[in-house]
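Trainee: Could you take me through one part of this model slowly, the place where the two chains meet? I'd like to hear what sits around it too.

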Amino acid sequence: MNKVIANADVAIQDIQDGMTLMLGGFGLCGIPENSITALVKNGVKNLTCISNNAGVDDFGIGLMLHKKQVKKMIASYVGENAEFERQLLSGELEVELIPQGTLATRCMAAGYGMPAIFTPAGVGTEVAEGKETRNFNGKDYLMEMAFDADFAIVKAWKGDTMGNLIYKSTARNFNPLMAMAGKITIAEVEELVPAGELDPDQIHTPGIYVHRIFQGSNYEKRIEQRTLRTT
Amino acid sequence: MLDKNGIAKRIAKEFKNGMYVNLGIGIPTLAANYIPEGVDVVLQSENGLLGMGPFPFEGEEDADLINAGKQTITTLPGSSIFDSAMSFGMIRAGKVDLTVLGAMEVSENGDIANWKIPGKMVKGMGGAMDLVASAKNIIVAMQQVNKAGQSKLLKTCSLPLTGVHCVKRVVTELGFYQIENGAFRLLERAPGISIDEIKKATEGKLIIEGEIPEMEI
């Protein structure tokens, strides 16, 4: 079984206008840089994007926002992007803000074949509006539905030709959850190796969840808040 | 009156040996600088790290290793890394012993607002709603009075809520409060702050019983 494809352009070529995409990463950490570049070049539009954040003005999903490729953004925190805020306040961009744990668990539910989950996050707030509430053991919980995404696009550190993935450090974040949740999952990796070279005990995402894998290139890995100590 | 570091110092005194602690962005993060001598706590960063270490030295920063505030950080001996679902799983399951976060408003019944100012600021709730809905022990670090001189310890929050009936304690530039039975019980005064100043700066119900000690920080 070989899931290797040539590059990002090939990986995303059948993504159509109006589709729903998941994009891994937390801030700019662990984002699928090559695939985002390819999506910007390809020009596909009216996308619904599910991602924890919306990038910054000139990097990550921010690049897609500038080209007005995103119709709706589903995220938990969008504080670092002026163009995003402008499109939101002007009504050009539809935005659904959801709690970060809810976002993660709705991905997980999709990958685990569960239609919905119950979480206390958002009870008593505007997040609860229109949602079913259930009481378990004296505490209220919201019913949150599993995501339904056409494509999930993730970034891993290492991957093999069968689609098994290993992430590095906190660049893991949403990537393994989204990898499980896409109808079609695209993985870009820093290092692609033949099947058999990765230790089965160390795999984070089993290849069954991954449909296409390619070796990425020219990773910029931009740091949002370079914070250092001196002593 | 306490500055940000003063508030962080007072909060750090609540850290007890063996606690797993989640510190929010801003003043709460500063509390990591004041962990008392001999107290061993493990810091959780909700982007998927237990055992958050200090900021890296120049040249040692790693784009793949950040905290929830997107700052470059380091790991420590015994650190572990996991995905975002597990991170909020341990929060939801009550494994994290103490959560410290910032707020724009807190009400006398423990409601908190910290994620949205309609028409002005829409950054999102990030992990705050998950944290406040599940943490057993929440301390809020905040300014008690805004720039216009208005109290932010209120009868009822005016901004969209992050969570209801969840805040247990509040540390501000003026005092340390415990929320109980629909009121702010004053536990300690900030150095040099009078009871009158605290009364003026508290819109919600305030309980002051007996002699109120000054904070030791």
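Mentor: Here's a walk along the contact between the chains, followed by the pockets and one salt bridge elsewhere. Keep in mind that this is a predicted model.

Let's start with who takes part. Chain B brings 48 residues to the contact and chain A brings 51 residues. Between them the two chains bury about 4100 Å², and 59% of that is on carbon and sulfur atoms. On the chain B side, three residues are worth picking out: B:Asp64, B:Lys70 and B:Lys123 supply 19% of the area that chain B buries against chain A, more than any other three residues.

B:Asp64 turns up again when you look at charges. It pairs with A:Lys221 in a salt bridge whose closest N and O atoms are 2.6 Å apart. In total, five salt bridges run between chain B and chain A. Polar contacts link the chains as well, with 26 residue pairs counted, both partners at pLDDT 80 or more.

Which elements of chain B should you click on? Helix H3 (84-92), strand E9 (121-122) and helix H4 (128-134) each put at least two residues into the side of chain B that touches chain A. Sort the residues of that side by class and you get 22 nonpolar, 14 polar and twelve charged.

Now for the pockets. The largest pocket holds about 970 Å³ of space. Its lining is made of 39 residues, and the closest to the centre are B:Ile25, B:Gly102, B:Ala103, B:Met104 and B:Asn114. H4 of chain B, the helix you just met on the side touching chain A, also gives at least two residues to this lining, as do helix H2 (27-30) and strand E5 (98-102) of chain B. By class, the lining splits into 19 nonpolar, 14 polar and six charged residues.

The second largest pocket comes in at about 480 Å³. Of its 23 lining residues, B:Ala32, B:Leu43, B:Met52, B:Gly53 and B:Pro54 lie nearest the centre. H2 of chain B is back here, giving two or more residues alongside strand E2 (42-45), strand E3 (49-52) and strand E4 (75-81) of chain B. E4(B) makes the largest share of this lining, with four residues. The class split for this lining is 13 nonpolar, eight polar and two charged.

One last stop, inside chain A. Over all chains the model has 26 salt bridges, and one of them joins the side chains of A:Asp150 and A:Lys183 at 3.9 Å, N to O. A:Asp150 sits in strand E8 (residues 149-160) of chain A and A:Lys183 in strand E10 (residues 182-193) of chain A, so this pair ties together parts that are 33 residues apart in sequence.

Key. Residues are numbered from 1 along each chain as its sequence is written. Chains are lettered from A and ligands numbered from 1 in the order in which they are written. This is a predicted model: local features need pLDDT of at least 70, side-chain atom pairs count only at pLDDT 80 or more; totals for chains, interfaces and linings use all residues. Side-chain values use heavy atoms; hydrogens and water are left out. Contact means heavy atoms within 4.5 Å. Buried area is the accessible area (1.4 Å probe) that two parts lose on being put together, summed over both. A salt bridge is a side-chain nitrogen of Lys or Arg within 4 Å of a carboxyl oxygen of Asp or Glu. A polar contact is a pair of N or O atoms within 3.5 Å; within protein, one must be able to donate a hydrogen and the other to accept it, and residues adjacent in sequence count only if both atoms are side-chain atoms. Ala, Val, Leu, Ile, Met, Phe, Trp, Tyr, Cys and Pro count as nonpolar, Asp, Glu, Lys and Arg as charged, and the others, Gly among them, as polar. On a 1 Å grid over the protein atoms alone, a cavity is a set of points where a 1.4 Å probe fits but cannot get out, and a pocket is an open set with protein on both sides within 12 Å along at least five of seven lines; lining residues have an atom within 4 Å of a point. Grid points are joined across faces, edges and corners, and a volume is the space filled by probe spheres set on the points.
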